[in-house]
Amino acid sequence: MKTSIATVCIAGDLREKLAAIAAAGFDGIEIFEQDFITFDASPEDVGAMVRDHGLEISLFQPFRDFEGLPEPERTRAFDRMERKFDLMQELGTDLVLVCSSVHPKSLGGIDRMAADFAELGTRAAARGLRVGYEALAWGKHVWDHRDAWEVVRRADHPNIGLIVDSFHTLGRKLDPESIRRIPGDKIFFVQLADAPLIEMDLLYWSRHFRNMPGEGDLDVTAFMRAVAATGYDGPISLEVFNDQFRGGSPRAIALDGHRSLVWLMDQVKRAEPGIAIDVPDIPPRITPEGVAFVEFAANETEAEGLRKLLRSLGFRLAGRHIAKQVELWQQGEIRIVLNTEPEGFAHTSHIAHGLNVCDVGLAVDSAAATVERATALGATPFRQPVGPGEMDIPAIRGVGSGLLHFIDQTSDLAGVWKTEFEPVEEPLHDAGLLRIDHIAQTMNYEEMLTWSLFYTSLFDTKKQATVDVVDPGGLVRSQAIESPDGALRVTLNGAETHRTFAGRFIADSFGSSVQHVAFATDDIFATAEALERTGFAALPMPENYYDDLAARLGLDADFVASLQAHNILYDEDAEGAFFQIYSRSFGDGIFFEIIQRKHGYKGYGAPNAPFRVAAQRRMMPQPGMPRR
């Protein structure tokens, strides 16, 4: 499988772009004319620089407004193309993209356009070059790949072929299945992009809102399945115009792009057997089975405060590590690891972020396969020295420089708690907390696409619709990633400004990721009563919230009074009901949540988020005030 990416997709000058593209693992580039023109080097030097990075120039583009013109514009178009042919040969590429004309003088007429391409094919053949024709979704006469194919078919020249682009097909809501009827050898190149579904002008949508396959709402998999079914075996390339990407890290965007192509083609290969494209064999998307543990890095002073909070939540100290300053706290299926070790990854994480969740362990069907797939998708494996009696648990780098460890039942990894921890007998003060319902990771807004793609490409999960959380300091975008059975739920919260509660967490913790962990109970009222006995201090909610709740949902007065007595937040959807209790914040804005889902409630209490945030902000120390 040959992967390619258009230089327009990422930020930087041409040299920076090539370094990022090569580091991400691409085989080639589509060189955009503007990137070449603005770079101060000869075509020969640019071509050599591309090859020095281990890349090839898969395509030169774009050539605009060629076909269907009257004279003298027609002659001038051929003259322009001859000059581009010169440039292509100097650069060292043999394929140019011609996009369907939007020229105001273009006459159209399928035979006229086909005749133009037949002549162009003869000129290209004389130089050993090829020309690909692409239907722009906003072309004047040709905006459908089927019409572009008919022009190519009637041109009937071996050096003239079709270029198909997922955005132009899917953005126009055209059926990609029609591509299956095109001979694979007449498709010269494939360009891919996804996009969120937005009703707006096609050209503006295309120029500003495209994203990587898997990051948007278009069915790019169906498009690529149709292409692969033709027998096409050429490059698979990205052409993404996105304002956010143009201002982002070239290496991060390039890595996302390569990950998206590996994910996409793995999906295509599984759904469309016998394709000609040589797609690498990697394990299928991993089935997550739940959160195995959450690990905090802390110093001893912070650890003492966290121990007190955990006890008030009904956790007990269940074990101490055989060789390190690491404790295991447990309740139900929930495991909290508290690491105060003065060396190793957790210590480094504490130096960087202060008290933080440095590691999340996930239960999976195969830990080895998880790391293998993650590595194929561009994730960074992690290892640190293993001491006597310790287990080597597979891990990768995750969000915010934290770790993801993987534990399965098919190896001896599930025995880590008995192997590495000496049991501690403590009295039980169980509060009815059963399992981790979800983990909330906070990040800068521009990172959300990266990490949603990370989770959905690695695990058998789907992303939910993005929700806007209104904070007095601005908006926070929230998106849930879920496995089909709910065993793994992760919410990604993107802060657009540091004035929000989430944004301040990012700033104060220097980019730490996990801001809160939600524990599930089957009886929120029994849990609330148990927590009151253990001294838990819930986040206080104002009376106004409960007055509004009663009026908005038409709730019974006694029921609302019970909610208010325990500072329980409440929501309903078409399926069921949702209850929430929050802890007060600790560290740089970390908190716990206790939830109960009834009768299949699907959401995360989004209507309550503004009230929760306002309550948290009221309890935050003012900027410049010392923390106790």
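Eight strands close into a barrel here, in the order β1-β2-β3-β4-β5-β6-β7-β8, with parallel pairing. From one strand to the next the twist averages 30°. Strands are DSSP runs of E with at least two residues, helices are runs of H or I with at least four, and both are numbered from the N terminus. Two strands pair if DSSP finds at least two bridges between them.

This is a predicted model, where local features need pLDDT of at least 70, side-chain atom pairs count only at pLDDT 80 or more, and totals for chains, interfaces and linings use all residues. Residues are numbered from 1 along each chain as its sequence is written, and side-chain values use heavy atoms, leaving out hydrogens and water.

Back to the barrel: β3 (residues 56–63) and β4 (residues 95–99) run parallel and are joined by two bridges. Phe-60 has Val-96 in β4 as its bridge partner. Helix α9 (residues 220–229) packs on the sheet, touching β6 (160–165), β7 (187–192) and β8 (236–238); contact means heavy atoms within 4.5 Å. The direction of α9 makes about 170° with that of β7, using axes fitted to C-alpha atoms (for helices over the stretch in contact) and angles from 0 to 180 degrees between N-to-C directions.

Now for Ala-124, which sits in helix α5 (residues 110–126). Ala-124 counts as buried because its relative accessibility is 0%; the cut-offs are under 20% relative accessible area for buried and over 50% for exposed, with partly exposed in between (1.4 Å probe, protein chains only). Leaving aside residues up to four places away in sequence, Ala-124 touches Phe-85, Leu-129, Arg-130, Val-131 and Asn-159. Asp-40 is 84 residues from Ala-124 along the chain, and their C-alpha atoms are separated by 27 Å.

Two further helices can be set side by side, each with its buried residues and the glycine that comes after.

| Helix | Buried residues | Glycine after it, phi |
|---|---|---|
| α13 (residues 345–353) | Phe-345, Ala-346, Ser-349, His-350, His-353 | Gly-354, positive, near 75° |
| α14 (residues 367–376) | Ala-367, Ala-369, Thr-370, Val-371, Arg-373, Ala-374 | Gly-378, positive, about 95° |

In α13, the buried residues fall within an arc of 135° seen down the axis, so they line one face of the helix. That arc is taken from the directions running from the helix axis to the C-beta atoms.

As for α14, the cover over its buried residues includes α11 (250–271), β13 (356–364), β15 (395–397), β16 (403–407) and α16 (448–458). At the start of α14, a side-chain oxygen of Ser-366 comes within 3.2 Å of the backbone nitrogen of Ala-369.

Note on methods: Polar contact = N/O pair within 3.5 Å; in protein donor to acceptor, adjacent residues only side chain to side chain.
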